[in-house]
There are 6 protein chains.
Amino acid sequence: MDKMYGELTVLSGTANEALAGDVCRYLGIEPLPADIFQFPNENVFCRLHRSVRAKDVFVIQPMCSPVNKNIMELLIMIDCLRRDSTGRITAEVPYYAYGRTDKKYQPRVPITARLLADLITVAGADRFLTVDLHARQIQGFFTIPVDELTALYMFADYITELGLEQPIVVAPDVGAVRRARNFATRLNAPLAIIEKRRHADGNGMEMLNLIGDVAHRSAIIIDDEVDTGSTLTRAAAYVQTYGAERVYACVTHPILSADAAQSIRDSVIEKLVVTDTVPIAPEKRNLLGDRLEVLHIGPLLGEIIRRIHEGISVGDMFPE
Amino acid sequence: MDKMYGELTVLSGTANEALAGDVCRYLGIEPLPADIFQFPNENVFCRLHRSVRAKDVFVIQPMCSPVNKNIMELLIMIDCLRRDSTGRITAEVPYYAYGRTDKKYQPRVPITARLLADLITVAGADRFLTVDLHARQIQGFFTIPVDELTALYMFADYITELGLEQPIVVAPDVGAVRRARNFATRLNAPLAIIEKRRHADGNGMEMLNLIGDVAHRSAIIIDDEVDTGSTLTRAAAYVQTYGAERVYACVTHPILSADAAQSIRDSVIEKLVVTDTVPIAPEKRNLLGDRLEVLHIGPLLGEIIRRIHEGISVGDMFPE
Amino acid sequence: MDKMYGELTVLSGTANEALAGDVCRYLGIEPLPADIFQFPNENVFCRLHRSVRAKDVFVIQPMCSPVNKNIMELLIMIDCLRRDSTGRITAEVPYYAYGRTDKKYQPRVPITARLLADLITVAGADRFLTVDLHARQIQGFFTIPVDELTALYMFADYITELGLEQPIVVAPDVGAVRRARNFATRLNAPLAIIEKRRHADGNGMEMLNLIGDVAHRSAIIIDDEVDTGSTLTRAAAYVQTYGAERVYACVTHPILSADAAQSIRDSVIEKLVVTDTVPIAPEKRNLLGDRLEVLHIGPLLGEIIRRIHEGISVGDMFPE
Amino acid sequence: MDKMYGELTVLSGTANEALAGDVCRYLGIEPLPADIFQFPNENVFCRLHRSVRAKDVFVIQPMCSPVNKNIMELLIMIDCLRRDSTGRITAEVPYYAYGRTDKKYQPRVPITARLLADLITVAGADRFLTVDLHARQIQGFFTIPVDELTALYMFADYITELGLEQPIVVAPDVGAVRRARNFATRLNAPLAIIEKRRHADGNGMEMLNLIGDVAHRSAIIIDDEVDTGSTLTRAAAYVQTYGAERVYACVTHPILSADAAQSIRDSVIEKLVVTDTVPIAPEKRNLLGDRLEVLHIGPLLGEIIRRIHEGISVGDMFPE
Amino acid sequence: MDKMYGELTVLSGTANEALAGDVCRYLGIEPLPADIFQFPNENVFCRLHRSVRAKDVFVIQPMCSPVNKNIMELLIMIDCLRRDSTGRITAEVPYYAYGRTDKKYQPRVPITARLLADLITVAGADRFLTVDLHARQIQGFFTIPVDELTALYMFADYITELGLEQPIVVAPDVGAVRRARNFATRLNAPLAIIEKRRHADGNGMEMLNLIGDVAHRSAIIIDDEVDTGSTLTRAAAYVQTYGAERVYACVTHPILSADAAQSIRDSVIEKLVVTDTVPIAPEKRNLLGDRLEVLHIGPLLGEIIRRIHEGISVGDMFPE
Amino acid sequence: MDKMYGELTVLSGTANEALAGDVCRYLGIEPLPADIFQFPNENVFCRLHRSVRAKDVFVIQPMCSPVNKNIMELLIMIDCLRRDSTGRITAEVPYYAYGRTDKKYQPRVPITARLLADLITVAGADRFLTVDLHARQIQGFFTIPVDELTALYMFADYITELGLEQPIVVAPDVGAVRRARNFATRLNAPLAIIEKRRHADGNGMEMLNLIGDVAHRSAIIIDDEVDTGSTLTRAAAYVQTYGAERVYACVTHPILSADAAQSIRDSVIEKLVVTDTVPIAPEKRNLLGDRLEVLHIGPLLGEIIRRIHEGISVGDMFPE
């Protein structure tokens, strides 16, 4: 064991205090007491109740709604820690927003996923820890060390226990193919892909194509994030059209923006399996009812944090 | 004239498009056409309609409500410009949020005003242009060149035209003293100061003291920003108690958070003179009615931008 | 036109002087005269024959074999330019090596594609210009502006002219799906995908699966780079097994390492269409004979360079 | 206790070896033996007698006269420590020069207080520790953690013991108001302010105004630094004119440049209370005689250093 | 002992595994198991078999042939370590290539020795450790701490044991004079210098001059590096012409490029004494036979590494 | 001509206003009007009278006595220029102090010459221009472009005109050998070297050795800087002892610290030829009388500045 830093400490922002609580319970510690709030003029403020000099602090803050406020809160907490001479600051961001803005797929657009990495670094983070990035290349947007966890193993265990007959993994668009392939490998199941493309007459409409054969199979759609749910529900309807008997979906980050919860409730998806990297509003939970299965990622995060603190390999936890 | 960069170009974020319009009218140009919007998942996106290669771009974006979203939007616009090979990027931020978090007045707090400067710089801004910072030392939080304008001259002209008898300038707290002294010098008026301090028994209550003599005078309270309005309205009531006959207030940035508009309407302040660095919601304008006087800062900003673009002195515009 | 920099200048490294020659011919200029060579101790040296003070210099150097020497040569040329007060340095790297090391797909490995971006930046490049990156996210590994061109349009024109019946685009592995989808969209053709995965018993062998239907169709395999050719030739054989009538391959960067040329000559691939971002050794050209079609990318690069120099939009060249 | 670094070590520059001695005595250690001197060509040199690999080194060097030589000496000592692989370097600068150049109050001037922060950081300091900055915003000029101590508590204890009747705290100019308010709060005394402004006819002369009522009171003027003494002595004369019965002054840094000592001796100030952050030349001490009271700040600095070394809260030492 | 970091760990690149083995044997540890190899496309890859979180890692990699590949391998190993959260990374580069490109001795050339320092730093090294730089000023090309060892003591011991009569140290060119003076001081021997200059008629030919008197003496030529051997063999012949009875050469880095081994074998040099900072190919060893004496530097490097790890002075090992 | 920046502008610090005047006369411009002075507390201040937005500014400031104050003044002027949005800042430092602290020749010392380069860069300089560095490797301490001029050509012309019989160039210590060789080449004269080394019994005394034959020759000692003059005068006496008939000295920077002028006057040196990179105090000029010959470097500097401004090669001015 090679421990370079002081006491293991967890600071939770306001974005997902329940998850931070799970992590702390796993670690057997209390979160660092602090006031984190907005003044009437919306300025976020942060005051720690105890000194963090030389300590090994993990800031837990997913970039969920309100997204931009939570990002600023994260940066401000990091600045606060740095200026109090923290030994080491790990930004623990279970959900990384702006992941889809990770390249210039057209001219004159930003690469916000890289910008965010620079903001986190300039604020003073020493390390970065996250779960299921939209693209793994985002790791390379950082120069500080990144540990990226995945919920795929949890999803695979869950699906395996269901004992589905003839499962097939479905990538709902070309961006999800690699993730779907990895998931299919683990389930020892075949793979199908839904491909979206613009209509040839340039009217802006998208057409779907299904590549692979889903007939008489249980389709498990996999993705990193469910936003408005339209990709997911259209994919589900589409595979059903092509003969899939049942449709499941495994998605790490349940963003569920706009009327996503209603759309999914109205869809053919039997079960939406997600993690709690981001909180789900109670009314959305109610709307989804039994269709929603939330897997708890806190213990996994807690174990990773323990290993990072103690200088033990994180990679050894995951076969690959 | 020493012009190093390409065509003068203005890009407006969504925070204050009216002001950007004024600036463009003054300059006789159109704002750069661009899509700037939020996806359903709140992620801000920016796409320029025209190339900005080598151009001299000024991004106009005050950090007003929604504060944190507007900050992120600013940073994303800068990143977008940088990646399109803009010649020079000037962040034109008429209102700088988080100005009060400019030092550690107690242990274990952030210095967010410095953090913001670092974020703007790492995003790729080459220069910074702003109006009436909370503390002028914030200029030193940047290494890129900063031009700070002031609305004091506009306020002085306005007040002078009123032809008030026996005016006295009032600093509503010790942080505003230097600004009040400068304003008083320009008006050739005396100065009074309201000092807040905690109660000696540590019960957290604040007591006010008035230093200076306001009796039978027209008090003009000066400040950089009106937030909830409590500092301003308490100061107004206080000077009235001590004999001030009329009370005016000159404040650069009309944040007017919470029920500030109602409080001011209910106060003894006859006239609240502000600028349009930040937009005022129509219902607040209605509430304040004739008590509110908005001075237009667009032409001044436009002139500054023209001078910066053409390499002409900005400082020469202001006597000091 | 917004021209900030001095005379347009091209400096060619030793990696692909023929391509640099094409670019210069397009631009109607001579390459900058310079000595670039290795001393007997393999140390690369560079001496410019003319001053480049204030000039707008494009360094043309793909990272082809000898890869690491060519990378160092690129960095040394950039350092040389910087120290001679060049106005602006654009690293024009038509082929970016180490693109497959763009993420940590397993623990304890480097992200060399990011490291390279940092090396190029610290050496002093102001901009980066490349062709068909392995993953577009590599753009975000840079903070300096990146322009990424694609050969897809050239390939699409070539294939369209062939007038193939029932073409289908084939992604030879999951990493190539997005590129294949874009190509298929342009050709208005369907898409098939070959998926590699490890054998379930962990013996390290890879199994292929074909997703999609290639029977009686002309398969066009698309990829960014052909290295040893094993992915390509296995994919070709595989689609033939599943009924494809003819097999073509379009690959931007003809690395052709080991005995790739012989493998392809022995394969069912009728035509390997590539560009000349990297030179092909004469013996490989001979071996491949008519099977090889090399499209010349010099004029496209020249036009881009002209536009960048003159401050004209590059994005407008490409519909998307 | 979270101790990350090696042995606690103090390196004293030549600026205030007496203070460094006090600090070491408090800590029960010897200063690091070193040769620090100037060659005949004025080049400062530094050679440590013992290795500081991995040690936790505090460099004690106020920026007092000769100011610029002492600054360079500080930077050179930091470079020397960094290159010898010191574990952590804390620049302990009890007096920070150039504090008044902390903003552009007119165009075309430097912000030297920020420049200094950058110099200290680029030389290699990891942390910064100082006493009573001219403006607390200077903390934000640093990105490395800053601890700012204050002598206000020591002054308050001293004044309280004097048992003055009807004390009033006087800010000698508007820049000192916040400090004076804090001091007045602690003494539970009222506040008066002297305001300087230029004459209306622009002849460059300054006029003083007294805001507040000092009649029949014991005035205690507070400031961060006494330079030529003219601000202080004019303020003292002025409050006496307005009826103050006795005049004291509490000033953290006794710079006493030009003939400050003589001016103060000739003034109505009964007692000038200072600290020993900077040394006072013997002839000035003699001149001031009993009027001068020097409070020793070494033990306070020593205690802070001990806490920083041991990872204990510094903030807890001070109520606020 | 002040140990800040975790377990002492050595990672060897492929450049000189024998030397790394010697170092590990001295330290009583095994090298870190890792796969370091080139793919068929020459891309270097690195995969560590064990986690290095928080460990104190020394990467041993001289920049010998193949020079540019070994440099890239070094940088990639450092990136790999950094991204696995190594506690501290020391680049241990026993031979630093490009040392002769350490200044612009003519216009429009690079300073590659500085560039290399920046590459190593940006890749993530925390410290640098090397042997006999071409110019000691190269230390200043780094901001990270540098320890430079010298083989002079080993050479002096070897020569002293030979018991030569009337030894004289010879600098083979003006760049070697300082090194030769230091060596001569240690041997208590006089010094002679060979000076090369261009022919006055500008025909590019070099003329040699001998300064000092070598007649009837045993000449010991000293240099940092033997490359093609032409400097060395010409110097040897030259001193013989002027009457030297025997000629020895002590050179730290036996690069021996081109036909250096044959030239030396054909020369009047009786003994070429070198170290094993870089490996010597067996055929060159055979060619040189008894004329070659290789001193083992592994134990010295091992001791230095032990001291750096344990926070003990390195400088104390060497009198000066 | 490739002119990227605005008007050519010269800002002179207080270190050598006469030289700046010469440069301006050559360029046919007036120096930028500015107030540069010290407050009574020794704080240097700088205020420009005219805007420098977008201009191409050269700051002329040698690092002569008072050395550390002049260095700070240089940095403060650069900061001032940067914050006023100067187009390009070239630090023109005709004499670079601390050049002898360019390496760690013993443990636990700084490398101040590198530190200075970092200070100049962090203050905001874009380019660096200097004359005869102590070691040319100091160029590599900068990442910004460096132009180093030499006075050797001026010295060679002067000496040639003297028409000395049998001249020999003498390096007064091993550090000056390369410079002396270059000078000798230009004069087509032989070379002699004086070597200093410590006494074998470690008593700290230095012994001199002369290598080469100076008998009956006119010795011209060459060095970059004359400080206390002891190296020079001892060398002069030494070569006379060995039979030199006349002794001259050519030294670029006449620092002349301590009683250097008197020592030289008392020495056998017939003529001390220097440049005016640094001013010589009148009393020293008087003391030296006809022995001193000051060559004016202003026109050369002026020409270089003109070329840099206009983007013309500087290197072409000097054959090599």
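These are my notebook entries on the domains, chain pairs and salt bridges I looked up in this predicted model.

**Entry: how chain A divides**

I started with chain A. The domain assignment splits chain A into domain 1 (8-149 + 298-317) and domain 2 (152-295). I noted that domain 1 of chain A is written in two segments, with domain 2 of chain A numbered between them. I then looked up the spacing: the centres of the two domains of chain A, taken over C-alpha atoms, are 28 Å apart.

**Entry: where the two domains touch**

How many residues of each domain of chain A are in contact with the other? I found 15 residues on the side of domain 1 of chain A and 12 on the side of domain 2 of chain A. Together the two domains of chain A bury about 1,200 Å², and 45% of that is on carbon and sulfur atoms.

I wanted to know which three residues of domain 1 of chain A supply more of its buried area than any other three. They are Tyr95(A), Arg100(A) and Asp132(A), with 46% of the area that domain 1 of chain A buries against domain 2 of chain A.

**Entry: charges and polar pairs between the domains**

Side chains of opposite charge can pair when their charged atoms come close, so I checked for that next. The rule finds 3 salt bridges across the interface of domain 1 and domain 2 of chain A. I also looked at the pair Glu225(A) and Arg100(A): they form a salt bridge, and their closest N and O atoms are 3.9 Å apart. The cut-off for a salt bridge is 4 Å, so this pair falls within it. Arg100(A) was already in my notes as one of the three residues that supply 46% of the buried area on the side of domain 1 of chain A.

For polar contacts, I counted 10 residue pairs between domain 1 of chain A and domain 2 of chain A, both residues at pLDDT 80 or more. On the side of domain 1 of chain A that touches domain 2 of chain A, α1 (17-27) and α9 (298-310) of chain A each supply at least two residues. By class, that side of domain 1 of chain A has 9 nonpolar, 3 polar and 3 charged residues.

**Entry: one salt bridge to look at**

Over all chains, I get 126 salt bridges in the structure. I picked out Asp56(A) with Arg88(A), whose closest N and O atoms are 2.9 Å apart. This pair links distant parts of the chain: Asp56(A) is in strand β4 (residues 56-60) of chain A and Arg88(A) is in strand β5 (residues 88-93) of chain A, 32 residues apart.

**Entry: chain E against chain C**

Next I turned to pairs of chains. Here 50 residues of chain E are in contact with 50 residues of chain C. The two chains bury about 4,200 Å² between them, 60% of it on carbon and sulfur atoms. Met72(E), Arg83(E) and Arg108(E) supply 17% of the area that chain E buries against chain C, more than any other three residues.

How many salt bridges are there between chain E and chain C? The count is 0. I did find 16 residue pairs in polar contact between chain E and chain C, both residues at pLDDT 80 or more. On the side of chain E that touches chain C, β3 (44-48), α2 (67-83) and α3 (112-123) of chain E each give at least two residues. The largest share, 10 residues, comes from α2(E). I sorted that side of chain E by class and got 25 nonpolar, 12 polar and 13 charged residues.

**Entry: chain D against chain F**

I repeated the look-up for chain D and chain F. I found 50 residues of chain D in contact with 50 of chain F, and about 4,200 Å² buried between the two chains. Met72(D), Arg83(D) and Arg108(D) lose the most area to chain F, together 17% of what the side of chain D buries. Between chain D and chain F the rule finds 0 salt bridges, while 16 residue pairs are in polar contact, both at pLDDT 80 or more.

**Entry: the symmetry of D and F**

What rotation superposes chain D on chain F? I get 180 degrees, with 0.0 Å of shift along the axis and an RMSD of 0.0 Å. That is the relation of a two-fold axis. I also noted that 100% of the interface residues of chain D are interface residues in chain F too, so the copies meet through the same surface.

Conventions. Residues are numbered from 1 along each chain as its sequence is written. Chains are lettered from A and ligands numbered from 1 in the order in which they are written. This is a predicted model: local features need pLDDT of at least 70, side-chain atom pairs count only at pLDDT 80 or more; totals for chains, interfaces and linings use all residues. Side-chain values use heavy atoms; hydrogens and water are left out. Domain bounds come from an automatic or database domain assignment. Contact means heavy atoms within 4.5 Å. Buried area is the accessible area (1.4 Å probe) that two parts lose on being put together, summed over both. A salt bridge is a side-chain nitrogen of Lys or Arg within 4 Å of a carboxyl oxygen of Asp or Glu. A polar contact is a pair of N or O atoms within 3.5 Å; within protein, one must be able to donate a hydrogen and the other to accept it, and residues adjacent in sequence count only if both atoms are side-chain atoms. Helices (H or I, at least four residues) and strands (E, at least two) are DSSP runs, numbered from the N terminus. Ala, Val, Leu, Ile, Met, Phe, Trp, Tyr, Cys and Pro count as nonpolar, Asp, Glu, Lys and Arg as charged, and the others, Gly among them, as polar. Copies are superposed by least squares on the C-alpha atoms of residues with pLDDT of at least 70 in both.
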